[in-house]
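User: Please take a close look at one part of this model for me, a buried charged side chain and the loop that carries it, and then set that part against the rest of the fold.

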Amino acid sequence: MSDNSPPRKAMHAFYMQRAIELARRGWYTTRPNPRVGCVLVSHNVVIGEGWHERAGQAHAERRALADAADLGHDVRGATAYVTLEPCSHTARTAPCTRALIDAGVACVIIGAQDPNPEVDGRGIQALRDAGIDVVTGILAEQCAALNVGFNRRMTRGRPHVRVKLAMSLDGRTADAAGRSQWITGDSAREDVHHLRGAAGVVMVGSGTMEADDPSLNVRLPGDWMQPMRVVLDRELRMSPTARMLGIPGDTLIFTASDDATKIQALQVAGANVERMGIDHAGLDLAAVLHRLGELEINDVLVEAGPILAGSLARAGLVDEYIIYIAPMLIGDAGRALMSVPGLAHLNDAQRLVFTDMQPIGDDIRLTATPADNNATD
């Protein structure tokens with residue numbers, strides 16, 4: 001299987017693309033684990049498929065092996081296409097390398113290498129040590145894109161940070177009185193609920209908390225995993241009667257306050273409260289994100305006002321912007337998209353790269369990343 005001819009590469013890409021499609025079935029459910037798909041092929045026929053659905057349940061490789069067994073196929077001598085390097089350590093489940101070895105597969109084609117320090121090449125080596133042919137790097141970029149948050153947490157110790165913003169065509173997020181409901185239409189708001197569904201955390205600042213009293217939950221048909229709600233509240237102004245504390249799900253408040261009475265009241269109401277250090281701009285945002293990494297959060301969706309969004313941007317902590325643009329004009333008295341210091345020179349502007357543009361109902365959704373790709377830890 002080590003043949004690198006164009007037909008062989010095309011065949012590998014064909015089956016790996018199917019494995020990617022399977023991995024995406026776990027888009028909203030696998031956290032904190034990565035999304036993984038697996039396809040078993042024998043004599044150019046797919047004999048088993050699987051994907052990882054939830055942490056603690058069988059990984060993609062084991063589900064594909066079980067699928068093949070259920071269909072009555074013998075997997076000895078087969079080729080396994082896996083979007084992520086098979087695990088070689090025991091965590092919530094047994095190693096997938098051992099399952100593939102015991103099943104007698106002859107070749108494993110891998111999309112992306114697992115950056116988890118407990119794996120990171122060890123799975124590949126374990127397979128090779130067992131005499132299995134291993135081919136790596138097939139649709140590697142597409143496979144890595146399945147798990148940008150997991151990858152960042154494993155390599156940088158913090159989640160992937162996506163800042164969601166909604167604005168009018170002239171760059172305003174609210175009218176002069178602060179009213180923003182609703183700038184965007186129903187389709188855009190539904191799209192945001194899908195972003196929440198894919199995130200481990202939805203984060204807001206105290207300003208948004210006070211102004212909107214948001215729920216920050218997923219309100220779509222079906223049984224959805226709910227993200228943790230995180231509130232950055234330096235002075236602990238959040239009310240124990242806040243709406244989010246009255247619905248199912250976890251709420252975590254980061255604060256610099258040591259007011260025991262306020263802390264106790266919020267804890268009684270159902271919130272978890274953690275003290276966090278401050279820097280010149282407020283709560284230490286880098287420390288907040290590293291704490292979320294310790295809590296196995298892969299992806300953070302920030303639904304903040306201009307102050308928190310601007311603070312994250314100035315700190316170099318934004319990995320991606322999702323910007324919804326509505327076809328309306330609010331005017332000069334409206335509130336700006338982001339609070340950032342004025343620039344002395346245009347050369348000092350933070351440059352972005354547009355990576356996607358989609359019409360969402362009557363609105364447009366732009367996706368952009370920092371041009372220098374140097375989001376900090």
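Analyst: Helices and strands here are DSSP runs, of at least four residues for a helix and at least two for a strand, numbered from the N terminus. In this predicted model, arginine 31 sits in the loop between α1 and β1, the strand of residues 37–42. Proline 32 is placed in the loop between α1 and β1 as well, and the peptide bond that leads from arginine 31 to proline 32 is cis, with omega near 5°. Most peptide bonds are trans.

Arginine 31 is buried but has no salt bridge, and the nearest side chain of opposite charge, that of aspartate 299, is 7.5 Å away. A salt bridge would need a side-chain nitrogen of Lys or Arg within 4 Å of a carboxyl oxygen of Asp or Glu. The side chain of arginine 31 does reach the backbone oxygen of glycine 197, at 2.8 Å, and a polar atom of that side chain lies 3.5 Å from the backbone oxygen of alanine 199. With neighbours within four places in sequence left aside, the residues in contact with arginine 31 include Ala55, Ala198, Gly200, Met225, Gln226, Pro227 and Asn298.

Turning to the nonpolar parts of the fold, helix α1 (residues 6–23), which precedes this loop, can be placed in its core. The largest nonpolar core has 42 residues, and Met16, Leu40, Val75, Tyr81 and Val108 are those with the most contacts inside it; its largest share, seven residues, comes from helix α1. A second, separate core of 32 residues includes Val230, Leu289, Leu317 and Ile325. Valine 108 is in contact with residues beyond its sequence neighbours, among them Ala80, Pro86, Leu100, Leu127 and Val135.

Two other residues deserve a look for their backbone angles. Histidine 43, in the loop between β1 and β2 (45–51), has a positive phi of about 55° although it is not a glycine, and histidine 43 is exposed, with a relative accessible area of 76%. Leucine 216, in the loop between α8 (206–212) and β9 (228–232), also has a positive phi, of about 65°, but leucine 216 is buried, at a relative accessible area of 2%.

As for covalent cross-links, a search of the whole structure finds zero disulfides. The sulfur of cysteine 96 is 3.7 Å from the closest cysteine sulfur, that of cysteine 87, and is therefore too far for a bond, although cysteine 96 counts as buried at 0% relative accessibility.

Definitions and conventions: Residues are numbered from 1 along each chain as its sequence is written. This is a predicted model: local features need pLDDT of at least 70, side-chain atom pairs count only at pLDDT 80 or more; totals for chains, interfaces and linings use all residues. Side-chain values use heavy atoms; hydrogens and water are left out. A nonpolar core is a set of buried Ala, Val, Leu, Ile, Met, Phe, Trp, Tyr and Cys residues joined through side-chain atoms within 4.5 Å. Buried means under 20% relative accessible area, exposed over 50%, partly exposed in between (1.4 Å probe, protein chains only). Contact means heavy atoms within 4.5 Å. Lys and Arg count as positive and Asp and Glu as negative; His and the chain ends are not counted. A polar contact is a pair of N or O atoms within 3.5 Å; within protein, one must be able to donate a hydrogen and the other to accept it, and residues adjacent in sequence count only if both atoms are side-chain atoms. A disulfide is a pair of cysteine sulfur atoms within 2.5 Å.
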